[in-house]
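The following report describes how the secondary-structure elements of one protein chain are arranged, moving from strand pairing to helix packing and then to the domains.

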Amino acid sequence: MQAVMLKPEHKLALEEVPKPSIDGPGQILVKVTTTAICGSDLHIKNGEIPIMPGTVIGHEFVGVVEEAAPDVRLFKPGDRVDVPACMWCGSCPSCQRGEVQYCETGGVWGGGFFKGRLMPGAQAEYVLVPGADMCALPIPDNVSDEQAILVGDVLGTGYHAVVEGGVGPGDTVAVFGCGPVGLCAIASAQLFSPARLFAIDVLPNRLALAESLGAEVIDASKVDPASYILGQTDMCGVDVAIEAVGMTATFNQGLGSLRRGGTLSIVGLFAEPVQLGLPILGLAGVRISMGLGNLGHMRKLMSLVSRGKLDLSALTTHTFPLSQAMEAYELFEHQKDKCIKVMLKP
Ligand SMILES: [Zn+2]
Ligand SMILES: [Zn+2]
């Protein structure tokens, strides 16, 4: 089967690899129908996330069950299935606390390990999914592949940022970064009826999408977002700032836009250390929450999508056949043609 493989010297290639087959209990073999390119795939390509060359990459995918081990309860051949970006065991201390993203024996597709076994990536024609009953979710008939695929990664992460920020009715919220995760955070924040919701980015197409999701947009290439937000909030600042970029500038803007005692909820992944002004932050009493998105909310989010209460179909801007994966990466990496989310169809 064809798959996108990490090669030496920061390159990717479409290669022929063996098709996996069921070899143990709890497994389903998924024929991938849609797989998406994620910003973190570029971090892998560029060596910022260390993965061994020769690994098949990709962690966002949905598909159809081709075969299920006899003990699998929830899935049978022909079922559509949404698989989260990372798998968890359900029984370690982290899983039992409900923090499945920190599972001790779980990992992410495309270089991670599940119970000691390498998890090849999902930008491929087939993926063997162990622990299917624990982590995977059936896709309702009225939910498209393009919406379901977000549930298992970027939507789960955006929603997590909102929950960790403690967003509630009447709050003021600012979301820094309107990429796929930031846009999902905006849509998720709207579920909690904030009084005002600001969205900050520098790309017009991203700001337009944020505006279509009901946010008041701020172009950070034109104004200083923190000063602008203070001016809009009687110099108080927002209750919750969400950082969905992973850069020093947006981190500092997020802190600068907060009210005293407000919360900065970070889901951006940082490549560089950031200096903290603790003397001032202590007096301001801000709280900082950060970490990986908890994907244990998938069932709830799928239900919201299925019932039309969350609609993120506008995030998918491009679709390529898997055979043109290199062209798709070229477009995504250089942000050509106003792309947001790029899908691959094996
Ligand atoms: Zn992702
Ligand atoms: Zn676990």
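How many bridges join β4 to strand β5, and do these strands run parallel or antiparallel? The model is predicted, and in it four bridges join β4 to β5 (residues 80-83), the two strands running antiparallel. On β4, V62 has D82 of β5 as its bridge partner, while T34 stands opposite that same V62. Strand β4 (residues 60-68) is also joined to strand β3 (residues 28-37), again in the antiparallel sense, by eight bridges.

A further pairing, between β13 and β14, is parallel, and the three pairings are set out below.

| Strand pair | Sense | Bridges |
|---|---|---|
| β3 and β4 | antiparallel | eight |
| β4 and β5 | antiparallel | four |
| β13 and β14 | parallel | four |

The pairing of β13 (residues 196-201) with β14 includes a bridge between D201 and D219, the latter lying in β14. These two strands belong to an open sheet of six strands, ordered β14-β13-β12-β15-β16-β17 and paired in parallel. At its edges stand β14 (216-219) and β17 (287-290), each of which pairs on one side only. On average, and with direction ignored, neighbouring strands of this sheet are turned by 20 degrees against each other.

Two helices lie across strands of this sheet. Helix α6 lies across β12 (172-176), β13 and β15 (238-243), and runs at about 165 degrees to β12. Helix α9 (residues 248-256), for its part, lies across β12, β15 and β16 (258-266), running at about 170 degrees to β15. The strands β12 and β15 are thus named for α6 and again for α9.

Helix α6 (residues 180-190) also packs against helix α5 (residues 154-165), at an angle of about 55 degrees and with the axes 7 Å apart. The two helices are therefore oblique to each other, and α5 passes α6 in a right-handed crossing. On the α5 side the contact is made by V154, L155, T157, G158, Y159, A161 and V162, and on the α6 side by P180, V181, C184, A185, S188 and A189. By class, this contact has 10 nonpolar and three polar residues, with no charged residues.

At the level of the whole chain, the domain assignment gives domain 1 as 2-139 + 312-345 and domain 2 as 162-290. The centres of the two domains, taken over C-alpha atoms, are separated by 29 Å. Where they touch, nine residues of domain 1 are in contact with 10 residues of domain 2. The side of domain 1 that touches domain 2 has four nonpolar, two polar and three charged residues, whereas the contact of α5 with α6 has no charged residues.

Terms used
Residues are numbered from 1 along each chain as its sequence is written. Chains are lettered from A and ligands numbered from 1 in the order in which they are written. This is a predicted model: local features need pLDDT of at least 70, side-chain atom pairs count only at pLDDT 80 or more; totals for chains, interfaces and linings use all residues. Axes are lines fitted to C-alpha atoms, for helices over the stretch in contact, and angles run from 0 to 180 degrees between N-to-C directions. Angles under 35 degrees count as roughly parallel, over 145 as roughly antiparallel, 65 to 115 as roughly perpendicular and the rest as oblique. A crossing is left-handed if the near helix is turned anticlockwise from the far one by less than a right angle, and right-handed if clockwise. Two residues are in contact if their C-beta atoms, placed from the backbone, lie within 7 Å. Ala, Val, Leu, Ile, Met, Phe, Trp, Tyr, Cys and Pro count as nonpolar, Asp, Glu, Lys and Arg as charged, and the others, Gly among them, as polar. Domain bounds come from an automatic or database domain assignment. Two strands pair if DSSP finds at least two bridges between them.
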